[in-house]
Amino acid sequence: MRIPDDVRKDIPLTQEVIYFDNTATSLTPIPVVKAMDEYYLKYRANVHRGVHRLSQMATHKYEESRKIVAEFIGAKFEEIVFTKNASESLNLVALGLEWNRGDKIVTTPYEHHSDLLPWQRVSKKYGAKLEIIKGDDEGNLDLADAEKKIKGAKLVAVQHVSNALGVIHEVEEIGKMAKEEGAIFVVDAAQSVGHMEVDVRKLHADFLAFSGHKGPLGPTGIGVLYINEEMFDIFEPPLIGGGTIEDVDLYFYKLTSPPERYEAGTPNIGGAIGLAAGIKYIEKIGLDKIEKQERKLVKKTTKGLTELEIPWYGPRNLKKHAGVVSFNVPPLHPHDVAAILDEHKIMVRSGHHCALPVMKRLGINGTVRASFHVYNSVEEVETFLDVLEELVKSLR
Ligand SMILES: Cc1ncc(COP(=O)(O)O)c(C=O)c1O
């Protein structure tokens, strides 16, 4: 496939706007829409319980989607649980483990609220101790401090890529530290899956969460929780009921084996099928090509912002910088900058990006965030920088 031109042909919206809000959610390629259409128009039925042919077909496609997801992140079939999104996946982890007073939970100062609030709640409710690994203003973690804090931890939760600063963390090294201490290692991979290689075994992950609608180019409403099979005995399903059982009496139930044990009720069947189609589409392009394109765009963007003397955030070492560039155009409010860019049909996100502790630490009320996927082009970045140049000139 020619990058980005062939991908752009599959995504009609790329002809209408410059879409730089991929961290929030990505655009949808036609093959993904078609896969979901096919489910709704040709074999619309519930999974698992039906004998009729439509239900058989839906079950086959749903479980085939699970296999595609599992292979994509190096997991086993039964280790993949479909959820609503990364937030739900991370909450389920906190809700399904047993907690005792004094349990130590270690995380980073850069987490999205969805990988912070669940641990804060555990800490409040059960008296667990929350410890934060030190790091600098660019988002670089202090690995020596990580090693110190992880000693004696019950659980370590780290984001792979920051949605606010764009930094790629050393998850593999931190996972190794966690495993050496016998701690449970949780990875928030919401901003990495679909953008770069994610292999649950290489990362030493016990749990890994991501959403279908971001990097994997799937629909909204479908997410994934990877559960290492070694966790099956200690991880209780927070939700139980239809589909999760092997046997039930009026005063008794026996849960079935994973993954069904962790999927109560009718799942998002069309969503899972769409997610698998997104992953197949990503595989057709190749993760190496996606990464290369995003790196090219980040290099051009950060160089352009520097030349315009526009402050941008995240690591100066671009090898550690994923396709997310946060910046500000003082004295303008981030929302005003986003509104001006919108007038030029450039879609960016502005605000605190569900990472308020990061904003407070930097002493700012938010940032403007341009975030990329493989269908974004160098020409789009040039247009974006031209608009910013005009804006900066008008302010001086
Ligand atoms: C790093 C990170 N974690 C978790 C989430 C939550 O994802 P979702 O809103 O799809 O649940 C996001 C969303 O932006 C994110 O960037």
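**Close-up 1. F210 and V224, face to face across two strands.** In this predicted model, F210 stands opposite V224, a residue of β8. Their strands, β7 (residues 207–211) and β8 (residues 223–227), run antiparallel and are joined by 5 bridges. Now for what packs around here. Helix α3 (residues 53–72) lies across β2, β7 and β8, and runs at about 115° to β2. Helix α7 (residues 171–180) packs on the sheet too, where the strands it touches are β5 (155–159) and β6 (184–188). The direction of α7 makes about 160° with that of β6.

**Close-up 2. The sheet of 7 strands, end to end.** Pull back a bit from β7 and β8 and the whole open sheet comes into frame, with the strand order β2-β8-β7-β6-β5-β3-β4. The pairing is mixed. Which strands stand at the edges? They are β2 (80–83) and β4 (129–132): each has a single partner strand, so one side of each is left without a neighbour in the sheet. From one strand to the next, the twist averages 20°.

**Close-up 3. The ligand and its shell of 13 residues.** The ligand is surrounded by 13 residues, and the closest of them are S87, D188, Q191, S211 and K214. Sort the shell by class and you get 3 nonpolar, 8 polar and 2 charged residues. Several oxygen contacts are worth zooming in on. S87 has a polar side-chain atom 2.6 Å from an oxygen atom of the ligand, and for Q191 a polar side-chain atom sits 2.7 Å from a ligand oxygen atom. At A86 the backbone does the job instead, with an N or O atom 3.4 Å from an oxygen atom of the ligand. How much of the ligand does the protein bury? Taken alone, the ligand exposes 390 Å², and 89% of that is buried by the protein.

**Close-up 4. A hairpin made of β9 and β10.** Strand β9 (residues 245–249) pairs with strand β10 (residues 252–255) in the antiparallel sense, over 4 bridges. The two form a hairpin, with 2 residues between them. To find your way along the pair, pick out I245: its bridge partner in β10 is L255.

**Close-up 5. The sheet of 3 strands and helix α10.** Here the open sheet has the order β11-β14-β13, and the pairing is antiparallel. At the edges stand β11 (324–327) and β13 (349–351), each with a single partner strand, so one side of each is left without a neighbour in the sheet. The twist averages 25° from one strand to the next. Between β13 and strand β14 (residues 367–371), which run antiparallel, there are 3 bridges. Look for G351, which stands opposite T367 in β14. Helix α10 (residues 334–343) packs on this sheet, touching β11, β13 and β14. The direction of α10 makes about 160° with that of β13.

**Close-up 6. Two cis peptide bonds and a positive phi.** These are backbone spots to check if you like torsions. Most residues other than glycine have a negative phi, and most peptide bonds are trans. I3 and P4 are joined by a cis peptide bond, with omega about 0°. P4 belongs to the segment before α1 (5–9). Another cis peptide bond joins P330 and P331, this time with omega about 5°. Where is P331? That proline lies in the loop between β11 and α10. Then there's H48, a residue other than glycine whose phi is positive, near 70°. H48 is found in the loop between α2 (30–42) and α3.

How values were computed: Residues numbered from 1 in each chain as written. Predicted model: local features only at pLDDT ≥ 70, side-chain atom pairs only at ≥ 80, totals over all residues. Heavy atoms only, no water. Pairing = 2+ DSSP bridges. Axes fitted to C-alpha atoms, helices over the stretch in contact; angles between N-to-C directions. Contact = heavy atoms within 4.5 Å. Near = heavy atom within 4 Å. Polar contact = N/O pair within 3.5 Å; in protein donor to acceptor, adjacent residues only side chain to side chain. Areas by Shrake-Rupley, 256 points an atom, 1.4 Å probe, with all protein chains shown as cover. Nonpolar A, V, L, I, M, F, W, Y, C, P; charged D, E, K, R; others polar.
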